[in-house]
Amino acid sequence: MVNPTATSTKKEPEKGFDINEFGEKISAAITSVTVKDKAIFSRQFAAMFNAGVGMLRCLSVLTEQCGNPKLKKALVQIRDEVEQGGSLAEAMGKHPGCFDKLYVSMVAAGEVGGVLDEVLNRLAILLEKSAKLQNELKSAMSYPQTVGGIAVIIFLGMTIFLLPTFTGIFDQLDAQLPAFTQMMMNVSFFLRGPTLPADVPDAESWLEERNYYIIMFVGVLIGIAVAIQAYYKTPAGRFQIDGLILKAPIFGELVEKSAVASFCNVFGTLTRSGVPILNAMEIVRDTAGNEVIADAIDYAKDQIQEGGSISEAFRERGVMPALAVQMMSIGEETGELDKMLVKVGAFYEDEVEQAIKGLTSMLEPLMIVVIGGMVGSILLSMYLPMFAVMEQIG
């Protein structure tokens with residue numbers, strides 16, 4: 001008989017291992033938030049906020065439809081913090097992997113000035129321009145990388161598999177190999193691995209010598225790469241290598257124009273959004289991407305604190321084109337520096353686009369010449385001994 005006065009306690013079921021939750025955490029950890037993701041988020045946020053939708057409602061809707069797991073996880077925490085009374089900028093600042101210093105500073109300026117929708121629209125435009133510039137640079141480099149990789153594969157294939165088939169022919173003809181052919185044969189023997197040439201008297205010593213040279217060659221390459229990387233991490237090394245990049249014959253001008261376009265767009269957008277000029281200089285310095293230009297920005301910031309002008313500081317450092325410096329000077333004189341910077345940024349964006357097109361058109365015939373030279377060197381090494389034999393027969 002059950003005692004009616006007895007009370008039964010129910011234990012809460014223990015939460016087991018949730019494979020879906022674990023998968024979401026792993027996905028959020030390995031996924032990165034791209035410039036395009038932030039641009040789409042900013043555009044949608046601005047449209048909804050401008051239409052009168054409340055901030056919490058905007059964040060809830062954007063969280064539900066967000067396809068990036070890392071950004072979605074951050075938006076959930078941002079929404080909860082805003083719901084508890086925190087500011088949007090402070091909540092975003094706790095997720096530097098999703099929202100950088102530039103983004104947080106502009107959102108903070110928009111909240112203080114009551115123009116968050118306008119700031120978000122400007123952010124979307126700025127991020128879209130940045131994504132477009134990055135895609136153009138990647139597309140310009142993808143062609144030589146692809147063609148260069150194919151050229152290396154063709155060269156290795158002909159050297160390892162085609163050239164050794166002529167070794168027996170040359171031995172039967174008893175012809176003295178020209179120096180160039182002998183060099184290519186040595187390269188072929190070096191790359192063929194355990195396959196030994198027929199005329200090696202001591203196979204074991206040959207393999208030991210070959211392995212020694214392979215290890216030494218690979219070790220030298222790794223040592224050079226590690227040394228350059230370690231030197232680049234030092235302030236002096238980074239400054240020197242970035243300076244050499246700006247002076248490079250073909251890519252230096254492209255890097256300079258790209259940096260000018262990025263600086264003008266970011267700095268103009270920050271000052272237009274109400275960010276104090278010194279804070280804007282700090283943010284732009286962090287996004288410069290080149291230590292030489294970043295050093296010039298630091299110098300310009302010091303000059304501003306002492307009552308100087310931005311244009312004069314950049315003119316003294318000489319890291320920006322004369323046209324950009326002159327237009328900055330005009331903007332300072334007229335009191336419309338932000339508008340002038342946006343115009344300069346748009347101008348140099350077009351310059352970068354034209355430079356990329358010119359670089360691509362120049363690389364196409366250059367890569368064809370490189371591939372022709374690789375294939376021609378293999379064929380030349382094969383036919384030179386035949387010409388020598390024909391001369392002897394004649």
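## What counts as a cavity

A cavity here is a set of grid points where a 1.4 Å probe fits but cannot get out. Keep that picture in mind as we look through this predicted model, where one cavity of 30 Å³ or more turns up.

## The overall fold

Let's start with the protein as a whole. Its secondary structure consists of 17 helices and zero strands. Of its 394 residues, 35% are buried.

How do the contacts spread along the sequence? Taking those between residues at least 6 apart, 59% link residues at least 24 apart. On the outside, the accessible surface amounts to about 22,900 Å², and carbon and sulfur atoms account for 60% of that area.

## Inside the cavity

Now for the enclosed space. The largest cavity holds about 60 Å³. Which residues line it? The lining is made up of Ala259, Ser262, Phe263, Val266, Val284, Thr287, Ala288, Ile293 and Ile297.

Two helices each bring at least two residues to this lining: H12, spanning 251-272, and H14, spanning 291-305. The biggest share comes from H12, which provides four residues.

## Character of the lining

What sort of residues face this space, nonpolar, polar or charged? Seven of the lining residues are nonpolar and two are polar, while none is charged. Ser262 and Thr287 are among the residues named in the lining, and both fall in the polar class because neither belongs to the nonpolar or charged sets.

Notes
Residues are numbered from 1 along each chain as its sequence is written. This is a predicted model: local features need pLDDT of at least 70, side-chain atom pairs count only at pLDDT 80 or more; totals for chains, interfaces and linings use all residues. Side-chain values use heavy atoms; hydrogens and water are left out. Buried means under 20% relative accessible area, exposed over 50%, partly exposed in between (1.4 Å probe, protein chains only). Contact means heavy atoms within 4.5 Å. Accessible areas come from the Shrake-Rupley method with a 1.4 Å probe; for residues, only the protein chains shown count as cover. On a 1 Å grid over the protein atoms alone, a cavity is a set of points where a 1.4 Å probe fits but cannot get out, and a pocket is an open set with protein on both sides within 12 Å along at least five of seven lines; lining residues have an atom within 4 Å of a point. Grid points are joined across faces, edges and corners, and a volume is the space filled by probe spheres set on the points.
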